[in-house]
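Me: Please take a close look at how the two chains meet, and begin with the pairing of strands, since I would like to read the contact between the chains with that in mind. How far can each part be trusted?

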Amino acid sequence: LTFKSDISVKKQLLLEEEVIREAKKNPQAFRSIYEQYYKAIFLFVYHRVGEKEQTADITSQVFLKALVNLEKYNFRGLPFSSWLYRIASNECNDFFRKTKRTRMVVLEEFHAETMYDEMFGDDLREELRNKLPAILGRLKQNELQIVELRFLEGRPFKEVADILNITETYAKVRTYRILDKMKKMFIGK
Amino acid sequence: MKGKIKVMNATPEITDQEIRQSMDFDRILLEKEKLELLAGRKRVRTTFLAISALVILLGAFYVITYKPFSDSDSQNESSELTEPLNIGDTAHSATVPAVIKTDSANEISQPSKQQTSPLTSAKKSETSAESHPEEQTPENVYEQATPLSGYPALYEYFNDALVYPAEHVGDSIHGDVTVIFVIDVAGKPVNIQVEKSLGPRFDAEAIRVINNMPAWEPAKFNGKPVPSKIRLPLTFETEKITID
């Protein structure tokens with residue numbers, strides 16, 4: 001069964017590659033990509049921005065940039081979705097920098113479990129849960145971004161690295177460095 | 001980024017229908033076309049600007065060089081004669097000044113016989129306007145090598161690509177690795193050497209990053225690409241942990 005699904009995933013990638021190659025010549029071909037990823041990108045932005053209209057604006061900006069810069073995208077191990085998330089992530093950062101709006105962070109217990117485990121195991125979980133919002137608020141923009149992608153959205157390191165345009169090893173090194181920093185913040189106060 | 005976040009304990013609710021409502025691919029196509037049209041117009045405008053600037057510059061150059069000679073006497077002309085001679089002596093490029101020398105020698109023989117009429121002086125200023133840029137070319141022009149995408153982009157690349165060696169994460173080693181390399185005529189780094197080392201792992205990482213960096217515009221000497229040496233410090237640091 002897994003074998004079967006493997007093949008279908010490969011097929012999908014191949015198809016996507018073809019569609020993008022076509023879209024470089026004819027932007028109309030981009031429509032299927034747009035329809036396929038619109039919801040995912042919309043939610044990605046919405047969970048950070050928290051407002052429907054702004055989110056719709058930013059999302060269409062993401063696809064516009066993707067379409068305009070499609071020439072620059074090439075298949076070297078980078079999934080197209082990661083490339084879209086990268087653009088979305090940058091657009092969100094720009095938005096917060098320009099508007100000074102409050103940035104939203106969705107902290108679902110289900111996803112944050114891994115992070116609690118990484119930090120202290122079971123013992124201080126309740127206390128950590130209470131303090132976490134304050135600790136997240138003290139992180140730098142890029143630190144919060146990596147914690148969010150990895151733990152709050154539960155993405156694999158490979159995808160985190162692709163979105164942030166860094167190596168997988170570096171994504172890991174940075175993540176654990178930030179967790180250390182958060183631990184120290186937790187103990188400090 | 002301190003403070004300005006709001007943590008929500010659950011995903012905010014939104015229906016698929018609401019999301020779909022904001023979809024509008026045709027608008028994106030339209031905006032893309034608009035952007036491209038704008039970019040095209042900009043390009044036309046800049047070339048037009050460049051051409052008009054060139055015309056104005058040429059005009060200004062003509063006026064400036066014209067003035068001293070229009071009310072000139074033979075004194076000015078003789079000083080003009082010595083100039084190219086001097087340049088000929090320094091022998092930067094032997095052919096160009098030699099031509100000028102013979103030209104102006106021919107001219108200087110004439111004023112002794114007939115007074116300089118406005119017509120001939122105007123003619124002279126024309127020839128001098130032509131000869132001036134030629135006099136300037138022997139001066140050697142050196143342009144430094146620069147990253148093709150600019151220094152800020154290069155530093156951004158270093159920020160992204162430079163990985164603190166994982167083996168040393170606990171050692172709190174930090175500081176600069178200074179690297180010297182040559183940008184060859186193709187804009188590629190060669191002969192990479194470490195001038196100031198932090199240890200073999202750091203050096204290897206620094207060399208890796210330099211090797212993979214985006215291409216450079218090579219240095220130019222009189223417009224011809226030449227190899228040039230670059231020295232760059234690369235900073236390794238672990239996150240500073242501040243607890244306030």
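Reply: Two strands are taken as paired here if DSSP finds at least two bridges between them. The model is a predicted one, and a pair within chain B shows how the rule works: strand β4 (residues 175–183) of chain B and strand β5 (residues 189–196) of chain B run antiparallel and are joined by 5 bridges. Within this pair, Ile180(B) stands opposite Gln193(B) of β5(B). The two strands form a hairpin with 5 residues between them, and in its turn Gly187(B) has a positive phi of about 85 degrees.

Chain B also holds an open sheet of 3 strands, in the order β2-β7-β8 and with antiparallel pairing. Its edge strands are β2 (142–143) and β8 (224–226) of chain B, each of which pairs on one side only. Between β2(B) and strand β7 (residues 219–221) of chain B there are 2 bridges in the antiparallel sense, and Tyr142(B) has Phe221(B) as its bridge partner in β7(B).

Pairing also crosses from one chain to the other. β1(A) pairs with strand β1 (residues 5–8) of chain B in the parallel sense, over 4 bridges, and Val105(A) has Val7(B) as its bridge partner there.

Around this pairing, the contact involves 48 residues of chain A and 39 residues of chain B. The area buried between chain A and chain B is about 4,200 Å², with carbon and sulfur atoms giving 65% of it. Of the area that chain A buries against chain B, Tyr34(A), Leu64(A) and Arg177(A) supply 13%, which is more than any other three residues.

Polar links run across the interface as well: between chain A and chain B, 10 residue pairs are in polar contact, counting pairs with both residues at pLDDT 80 or more. On the side of chain A that touches chain B, at least two residues come from each of α2 (31–49), α3 (52–68), β1 (103–106), α6 (125–138), α7 (141–152) and α9 (168–188) of chain A. The largest share, 9 residues, belongs to α2(A). Sorted by class, this side of chain A has 23 nonpolar, 9 polar and 16 charged residues.

The interface of chain A and chain B has 3 salt bridges by the rule applied. Asp16(B) forms a salt bridge with Lys39(A), where the closest N and O atoms are 3.0 Å apart.

Over all chains the structure holds 22 salt bridges, and one within chain A concerns two of the helices named above. Lys181(A) and Glu143(A) meet through their side chains in a salt bridge, at 3.0 Å from N to O. Because Lys181(A) lies in helix α9 of chain A and Glu143(A) in helix α7 of chain A, the pair ties together parts that are 38 residues apart in sequence.

As for trust, chain A has a mean pLDDT of 85, and 89% of its residues reach 70 or more. Within chain A, confidence is highest in α3(A), at 94, and lowest in helix α1 (residues 2–25) of chain A, at a mean of 68. Over residues 1–5 of chain A, pLDDT stays under 50, and the model has 0 contacts for them beyond four places in sequence. Where pLDDT is low, predicted coordinates should not be read in detail.

Methods
Residues numbered from 1 in each chain as written. Chains lettered and ligands numbered in written order. Heavy atoms only, no water. Contact = heavy atoms within 4.5 Å. Buried area = accessible area lost by both parts, 1.4 Å probe. Salt bridge = Lys/Arg side-chain N within 4 Å of Asp/Glu carboxyl O. Polar contact = N/O pair within 3.5 Å; in protein donor to acceptor, adjacent residues only side chain to side chain. Nonpolar A, V, L, I, M, F, W, Y, C, P; charged D, E, K, R; others polar. pLDDT = per-residue confidence, 0-100.
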